[in-house]
Amino acid sequence: MAWTIEPLPTSGARFESALAVYREAFSRPPYSDTERANEVRTRVASQHGRRPGFRAFCATHGDGRVLGMTYGYRSEPGQWWHDAVAAVIEPAAYAIWLTSAYELAEVAVAPAFQSFGIGRALIERLIAGVPERTCVLSTRSDSNAHRLYRRLGFVELAEMQFFAGGHPFYIMGRLLPPAGDGTAPPGVHRDRNANSLAIG
Ligand SMILES: CC(C)(COP(=O)(O)OP(=O)(O)OC[C@H]1O[C@@H](n2cnc3c(N)ncnc32)[C@H](O)[C@@H]1OP(=O)(O)O)[C@@H](O)C(=O)NCCC(=O)NCCS
């Protein structure tokens, strides 16, 4: 099956088609959340779409249908997700993973088109060439998405709940190729081959 990855605008018909895909994907277990797509529309318009490094892509079928979508931005202090993760990980891990980080905020593929490699292609396009040193994300630990993330080189940094009594999420991170500054924080040495960083 052929598809194309293209930039996704943050409003209009194509964005609404992407949200419809998102709604369908997240209405399935374990998320079973039909409202989340509306929250994403609001967040993109009011916050996420204005963040530094915001980029969004969709996968489209040859007939123009949207099959999947993703977006992300630079992860910075003052952002809800960034601060929630910073509160639970060790300072040394924070220095490595969150001081120059690109957040993969959302990714979804229409259920009928999952397992064809579209999710992987969307993620690879999203993070290609971003200047940050790492890519970070969270995913429910009872979903299958983390298997894909592991195959893409992400490692688990922590498991946490964002709300008391809420579902556990894996926080995952991956080093990115040195497209940008490529610098590590003081005292941190890069080891790209091992996809790891050493402190000291
Ligand atoms: C997570 C998600 C985006 C992945 O999208 P996808 O297009 O299915 O991803 P891929 O096809 O690239 O990879 C998924 C699986 O298909 C397999 N696959 C990839 N290409 C394949 C191909 N050509 N043929 C068969 N299988 C293939 C991968 O090995 C992977 O296997 P896994 O299920 O063991 O992990 C999608 O499942 C989804 O929308 N899920 C619901 C929402 C969600 O969980 N989003 C992430 C929240 S953090």
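**Ligand shell, sheet and the H1–H2 pair**

Let's start at the ligand. There are 18 residues around the ligand, and those that come nearest are Gln 114, Gly 117, Gly 119, Arg 120 and Arg 147. Four elements give two or more residues to this shell: helix H1 (13–26), strand S4 (101–109), helix H5 (118–127) and helix H6 (145–151). By class, the shell holds 9 nonpolar, 7 polar and 2 charged residues. Keep in mind that this is a predicted model.

Now the sheet. It is open and has 7 strands. The order is S1-S2-S3-S4-S5-S7-S6, with mixed pairing. Which strands stand at the edges? Strand S1 (3–7) and strand S6 (155–161) do. Each has a single partner strand, so one side of each has no neighbour in the sheet. From one strand to the next, the twist averages 25°.

Look at the S1 edge. S1 runs antiparallel to strand S2 (residues 55–61), and 5 bridges join the two. Ile 5 stands opposite Ala 59 in S2.

Back to H1. This helix packs on the sheet and touches S2, strand S3 (66–75) and S4. The direction of H1 makes about 95° with that of S3.

H1 also packs with helix H2 (residues 36–46). Their angle is about 140°, and the axes are 8 Å apart. H1 and H2 are therefore oblique to each other. Their crossing is right-handed.

Who meets whom? From H1 come Leu 19, Tyr 22, Arg 23 and Phe 26. They meet Arg 36, Ala 37, Val 40 and Arg 41 in H2. This contact has 5 nonpolar residues, 3 charged and no polar ones.

Key. Residues numbered from 1 in each chain as written. Predicted model: local features only at pLDDT ≥ 70, side-chain atom pairs only at ≥ 80, totals over all residues. Near = placed C-beta within 6 Å. Nonpolar A, V, L, I, M, F, W, Y, C, P; charged D, E, K, R; others polar. Pairing = 2+ DSSP bridges. Axes fitted to C-alpha atoms, helices over the stretch in contact; angles between N-to-C directions. Contact = placed C-beta atoms within 7 Å. Parallel < 35°, antiparallel > 145°, perpendicular 65-115°, else oblique. Left-handed = near helix turned anticlockwise from the far one by under 90°.
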